[in-house]
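Please open the structure in your viewer and keep the selection panel at hand. The tour proceeds one selection at a time.

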Amino acid sequence: MKKRVFLSASAVAVMALSSAAVLAQDNTFKIGLILPMTGQQASTGRQIEAAAKLFMAQNGDMVAGKKVQLIVKDDTSVPDVTKRLAQELVVNDKVNVLAGFGITPSALATAPIATQSKTPMVVMAAATSSITQASPFVVRTSFTLPQASVSMADWAAAKGGMKKVVTLVSDYGPGIDAEKFFKDRFIFNGGTIVESLRVPMRNPDFAPFLQKVRDAKPDGLFVFVPSGAGAAVMKQFLERGMDKAGIKLIGTGDITDDDQLNDMGDGALGVVTAHHYAAAHPSATNKKFVEAFKKANKGMRPNFMAVGGYDGMRVIYEALKATKGQGGGEALLNAMKGQTFESPRGPMFIDAQTRDVVHNIYLRKVERQGGELHNVEFDVIKDVKDPGKSK
Amino acid sequence: MLTILFDGIAYGMLLFILAVGLAVTMGLMNFINLAHGAFAMGGGYITVVLMQRYDVPFLICLPLAFVAMALLGAVLERTLYRPMYKKSHLDQVLFSIGLTFMAVAAMDYFMGSSQQIVQLPEWLKGRTELGEGSMMLGMGHYRLFIIAVCAALTIALQYILTKTRFGSRLRASVDDQRVAAGLGINVNVVFLATFAVGSGLAGLGGALGAEVMGLDPTFPLKNMVYFLIVVAVGGTSSITGPLLAALLLGIADVAGKYFIPNFGAFIVYFLMIVILIWRPQGLFVRKGGK
Amino acid sequence: MTAQESLHDSRRWKLWEPVFWLLALATPFVLGSHALIINEIAIVALFAVSLDLILGYTGIVSLGHAAFFGMGAYTAALFAKHVMPDPLVGLGVAIVLSTLFGAVCSLTIMRGTDLTRLMVTIGVGLIMMELANKLDFTGGADGLQGVIMGPLLGRFEFDLQGQTAAWYSLCVLLVFFILAKRLVNSSFGATLMAVRDNRLRAMAIGIPVTARLAVIYTIAAGVAGAAGALLAQTTSFASIDVFEFHRSADLKLLLVIGGIGWLYGGVTGAIVFKIMQDWLSSITPQYWTFWIGLFLVVLVMVGRERLIRPWTWFGGKK
């Protein structure tokens, strides 16, 4: 009996394995897009996939005589799955480019594979500084936390008029980056950091942390949490009456993520954040992008993850055009470095040395526009390089 | 300080409402229903949909969530769960996890994977503060509301359990199913009703908790551990057991994160392990109960 | 068959077993493009066998077995990074450390009901995860980077295609499998099954139940640690995800799918589950969990045996 179960199982296995034969074609250009499509970061995956598909719909799938094929894989935010998927894409599907990477550990895990196989890796979401240094084949089109945090610290000290701030970040790579850079810059500008709190990633309740902040009585609270958790922080902030106690909420744009902002309610009005992209960015390019995105995705508003995906696709397409489809991974990589173009977020430039993104960081305030809540830009710091590297 | 105590109590009561259904089901039917979290999620999503799409006021959504999940629970009990009672515990675990996966993926498909935001009515958004400085007691109105509702439910449950005939039938079935059936108690009906009420309570808990604990399709998977902790520590043979366990858990979690933020998450697990090693049957066991 | 013959029969290697193992060892070369998933399957199968030792043969319910898996993974990764990149030595060290850790943890599972044990094991697993998150030298939430493995036996490099890795994992799996088979078919194994079936009776005939529980839990921890070490070594990476609750939960699932109390259950479950997961997620990257859930529900309702025999699906008598 048990023998039969087992024999049938192995029969199924062999059938399944052998049916996955892959035919390599010379005239296709394959992009392996690895994203978290399920699990906590699923909204990231969804936004980026939608943006990538939008780009391909708008620009066609024939570039430099080759047919572009997008292969989407779900890594469920588990880094060793990301690594295995990347390895399979490179070895079996023979992809020309790896892209996506929803969280920092996924990107870091895949970097050695990019190096070993000489495949360019376009990071569209993950935001820790050190990622571009993990492999010479990594190019980033998302952003880095230090870019946003440093800009926020500058504004907070100067125009925000804050002297004492408490930082509250999620306890993982990007969070620690955000905390460190905000702290250093804010103290450099003459302020004091009363307390630095780190919240575990798996946290159902922000209440005790915010209570601690309340008791510390600062002028401002700087927050970084991964996109998706911003709403919870906002709610707790208001529930504890912190705005009435004179504490201003500031942070990187992840807490007023366009994906969720409109549902946060009027309590979010007036929150100031620093980020590289707002759906309300008043440029013609962005208006077209937002409209097309909404149309293709049942009215879903694009957020900064989507723009990272959209721009990532553009970088790939432009590089392919420049190399005319010749040359291997290294040629493609070189064509990605130094690209400069107008993105929906504003002007954008891939630094040839660091392979990281250089763009404007906008200071935005949450306001009601056209009946919906938006991050409305009121100030800008131009061409911000990643401070995490310029040391 | 007092505020933390208050927050912990609110969180604990919420956990209790979510977990009490599980405790009773496990004690009564000896069925490990890991899909309990999915009922909670269902209640949360029903509330969100009703409020966002049909503008139903929050207060009405709560009983609706309860009723909807109770009905769903009753239907599922009769159709899917009943044949499962005879199966081994491991099979039950497999089955309920399978149901949970299906529910999670279905919610993802219909509602999307981002966090759902509940817009509370204005009168629940405020905050009252008594006292000064470190002795200040800040009470968010919503948490007050949660405590009030849960306290009322607890009293109601305890009343039903101890003073009504249904309650005594339930207690008899928990203590010894065969003898109860032998005495003429319709055990099937007791099961059905209990499962329905338990699921309804989970739905209500989910609706209340969406604001505090966040609501997204991974809700059951994230929080199942907490419910199990409440049931394990509180025991499955009474209502007061899980209640006290939930309160203890809530306060420990909140206080731990406040006083020792670096190790806040540990505190709960550590406490649980210590308690369970000291009292393996759970903290509160009725004499003669399971 | 007499009683003695049937007891001996369960120990002997059936004819199909060596065939199966030879086929398995050949797969990294025959199905080279799938070497990576074969590697994963071998690792999970080893992990499942270790869980079967405590769950299937001794009746200890655990949902925190990932604690030992993770212990092995981090030990191997840290060892390779800081001490010496040789895989086999690293594997040995990882096994030793996880076994020690298992001995310590075995103190926690001795008392209480199934539910208690379940919760305690979950708690231990989660605490380990938080520790890995907090401690600096583990790389925290980003995972441990910069692990470079030396060549296996000084000669076989871990290649990008994963063939060396798959073969390595399969060999380790085979070695432990043989050891496990010897163990469960020995008199020690018989006492384990007695404890599983009826603890009171086992105590009554003089089996030192607590000691047995401790020993088998420790052994299983070591085997799980080996699986974890393999994962870290073949992927050159260790992240706190190895301690995640879903690892223990998925493991229990696939073991029950394959069948407990039968060492091949772990192997079968690993093959079926992993392949299904991979295949489903390439078809529907977003909703594959739904189909897995459906599969589980149907599996339990229809019954494992009937599922494989379609002719019994409609009204056949069992």
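The stops below lead through the chains in turn. Please bear in mind throughout that this is a predicted model.

**Stop 1: chain A as a whole**

Select chain A and colour it by secondary structure. Twelve helices and 15 strands should appear. The C-alpha trace of chain A extends over about 65 × 60 × 45 Å along its principal axes. How does the radius of gyration of chain A compare with that of a compact globule? For 391 residues, such a globule would have a value near 21 Å; chain A has 22 Å, and therefore the two agree. Of the 391 residues in chain A, 61% are buried. Sequence-distant contacts are also present: of the contacts in chain A between residues at least 6 apart in sequence, 70% connect residues at least 24 apart.

**Stop 2: a sheet in chain A**

Next, select strands β1 to β6 of chain A. They form an open sheet of six strands with mixed pairing, in the order β2-β3-β1-β4-β5-β6. Which strands lie at the edges? They are β2 (62–63) and β6 (138–140) of chain A, each of which pairs on one side only.

Now restrict the selection to residues 28–35 and 66–74 of chain A, which are strands β1 and β3. These two strands are parallel and are paired over eight bridges. Within this pair, Ile34(A) stands opposite Lys73(A) of β3(A).

Add residues 79–91 of chain A, which form helix α3. Helix α3 of chain A packs on the sheet and touches β1, β3 and β4 (97–100) of chain A. The direction of this helix makes about 175 degrees with that of β1(A).

**Stop 3: chain B as a whole**

Hide chain A and select chain B. Chain B contains eleven helices and two strands. Followed from the N terminus, the elements of chain B come in the order α-α-α-α-β-β-α-α-α-α-α-α-α. Its C-alpha trace spans about 60 × 45 × 35 Å along the principal axes of chain B. A compact globule of 290 residues would have a radius of gyration near 19 Å, and chain B has 19 Å, so the two agree. Buried residues account for 53% of chain B. Among contacts in chain B with a separation of 6 or more, 78% involve residues 24 or more positions apart.

**Stop 4: where chain C touches chain B**

Show chain C beside chain B. Here 30 residues of chain C are in contact with 32 residues of chain B. On the chain C side, α6 (114–134), α11 (245–258) and α13 (288–302) each contribute at least two residues. Which element supplies the largest share of this side? It is α6(C), with eleven residues. By type, the residues on the chain C side comprise 19 nonpolar, eight polar and three charged.

**Stop 5: helix α11 of chain C**

Finally, select residues 245–258 of chain C, which form α11. At 1.5 Å a residue, its 14 residues should span 20 Å; the end C-alpha atoms of α11(C) are 20 Å apart, so the expectation is met. Is α11(C) mostly covered or mostly open? It is mostly covered, with twelve of its 14 residues buried. Among the buried residues of α11(C) are Arg247(C), Asp250(C), Leu254(C) and Ile257(C). The buried residues of α11(C) pack against α4 (89–111) of chain B, and also against α3 (35–55), α4 (66–82), α6, α12 (264–283) and α13 of chain C. Directly after α11(C), select Gly259(C), whose phi is positive, near 115 degrees.

Conventions. Residues are numbered from 1 along each chain as its sequence is written. Chains are lettered from A and ligands numbered from 1 in the order in which they are written. This is a predicted model: local features need pLDDT of at least 70, side-chain atom pairs count only at pLDDT 80 or more; totals for chains, interfaces and linings use all residues. Two strands pair if DSSP finds at least two bridges between them. Helices (H or I, at least four residues) and strands (E, at least two) are DSSP runs, numbered from the N terminus. Two residues are in contact if their C-beta atoms, placed from the backbone, lie within 7 Å. Axes are lines fitted to C-alpha atoms, for helices over the stretch in contact, and angles run from 0 to 180 degrees between N-to-C directions. The radius of gyration is taken over C-alpha atoms; the globule rule is 2.2 Å times the number of residues to the power 0.38. A residue is buried if 20 or more other C-beta atoms lie within 10 Å of its own, exposed if 12 or fewer, and partly exposed in between; C-beta atoms are placed from the backbone. Ala, Val, Leu, Ile, Met, Phe, Trp, Tyr, Cys and Pro count as nonpolar, Asp, Glu, Lys and Arg as charged, and the others, Gly among them, as polar. The expected span of a helix is 1.5 Å times one less than its number of residues.
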